[in-house]
Amino acid sequence: GLMMREGTMVDATIINAPSSTKNKSQERDGEMHQTKKRNQWYFGMKAHIGADADSGLVHSVHVTAANESDVAHAHKLLHGQERDVFADAGYAGVQKREEVIEAQQAGTINPDVQWSVATGRAKLKAMAEGPIKEITQALERVKAQIRARVEHPFHVVKNLFKHKKVRYKGLAKNGSQMFSLFGLANLVIAKKQLMALQAQGAS
């Protein structure tokens with residue numbers, strides 16, 4: 001009863017992996033890869049999530065190597081009933097991607113879903129000054145306020161649970177752990193609501 005299921009926020013975070021070759025096999029994990037983000041290189045995996053836009057609870061988790069693009073896996077983060085999807089500028093053009101169109105045709109994604117993807121900073125900055133730019137900026141602020149909630153599960157997993165580096169080799173084992181961690185993160189996020197429901201049941 002905590003999830004509205006009408007909107008989904010999608011995002012991804014990088015989980016670092018040991019890049020050293022000073023181990024028994026003298027090589028890095030072959031399923032982990034490096035990627036560049038904001039002029040800094042990272043080596044590891046990505047945890048992609050789909051979270052309910054109203055409650056902030058995670059309903060979908062998908063893991064890939066860190067060099068995989070966020071937008072290529074957006075279709076795996078939807079439950080199919082959402083009317084709206086909120087995403088950052090890294091998901092630009094998602095509605096035109098082949099895998100998304102195929103999923104809509106197959107009925108696993110709502111064909112009428114509205115994609116609210118952030119406008120890139122450069123594109124927004126390049127717009128001519130005037131009322132259209134002001135309206136666009138106001139709309140972007142609203143979208144950003146909604147999207148900000150998707151950062152909370154990442155905060156719980158990385159900062160409260162201290163899971164900033166993978167514990168195992170390969171994506172399968174680390175992926176299983178991601179499912180557990182985000183499941184536990186949901187309990188942290190929904191703690192107040194769950195306690196309130198428990199109190200109501202007791203009374």
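Reader: In what order do the elements of the chain run from the N terminus on?

Author: They run β-β-β-β-β-α-β-α-α-α-α-α. That makes 6 helices and 6 strands in the chain. Keep in mind that this is a predicted model.

Reader: What makes strand 3 "mostly covered"?

Author: Count its residues. Strand 3 covers residues 40-52, and 10 of these 13 residues are buried. A residue counts as buried when its relative accessible area is under 20%, so 10 residues of strand 3 fall below that cut-off. For the whole chain of 203 residues, the buried share is 43%.

Reader: How do you know that strand 1 and strand 3 pair?

Author: Count the bridges. Strand 1 (residues 7-16) and strand 3 have 9 bridges, in the antiparallel sense. Two strands pair if there are at least two bridges between them, so 9 bridges meet the rule. As an example, Ile15 has Met45 in strand 3 as its bridge partner.

Reader: What makes strand 2 and strand 3 a pair?

Author: Here there are 5 bridges, again antiparallel, with strand 2 at residues 33-37. The rule asks for at least two bridges, so this pair qualifies as well. Lys37 stands opposite Gln40 of strand 3. The hairpin of these strands has 2 residues between them. In that hairpin, Arg38 takes a positive phi near 50°.

Reader: How many bridges join strand 3 to strand 4?

Author: There are 7, and the two strands run antiparallel. Strand 4 spans residues 58-65. Across this pair, Ala47 stands opposite Val63 in strand 4. The hairpin of strand 3 and strand 4 has 5 residues between the strands, and Gly56 takes a positive phi near 85° there.

Reader: Where do side chains point in a regular strand?

Author: They alternate between the two faces of the sheet.

Reader: Why is the contact of Lys46 and Asp70 called a salt bridge?

Author: Check the distance. The side chains meet at 2.7 Å, N to O. The cut-off is 4 Å between a side-chain nitrogen of Lys or Arg and a carboxyl oxygen of Asp or Glu, so the pair passes. Lys46 sits in strand 3, and Asp70 sits in the loop between strand 4 and strand 5 (84-87). The two are 24 residues apart, and the pair links distant parts of the chain.

Reader: Are Lys46 and Asp70 buried or exposed?

Author: Both Lys46 and Asp70 are buried.

Reader: How many salt bridges does the structure hold?

Author: It holds 4. One of them joins the side chains of Glu99 and Arg97, at 2.4 Å from N to O.

Reader: Why is Arg97 called partly exposed?

Author: Its relative accessible area is 28%. Buried means under 20% and exposed means over 50%, so 28% lies in between and Arg97 is partly exposed.

Reader: What makes Lys143 and Glu140 a salt bridge?

Author: Their closest N and O atoms are 2.9 Å apart. The limit is 4 Å, so this pair counts too. Both residues lie in helix 3 (residues 131-147). They are 3 residues apart, about one turn of the helix. Both are buried.

Reader: How far apart are the mean positions of the positive and negative charges of the chain?

Author: They are 10 Å apart, with 29 positive and 20 negative charges counted.

Terms used: Residues are numbered from 1 along each chain as its sequence is written. This is a predicted model: local features need pLDDT of at least 70, side-chain atom pairs count only at pLDDT 80 or more; totals for chains, interfaces and linings use all residues. Side-chain values use heavy atoms; hydrogens and water are left out. Buried means under 20% relative accessible area, exposed over 50%, partly exposed in between (1.4 Å probe, protein chains only). Helices (H or I, at least four residues) and strands (E, at least two) are DSSP runs, numbered from the N terminus. Lys and Arg count as positive and Asp and Glu as negative; His and the chain ends are not counted. The place of a charge is taken as NZ of Lys, CZ of Arg, CG of Asp or CD of Glu.
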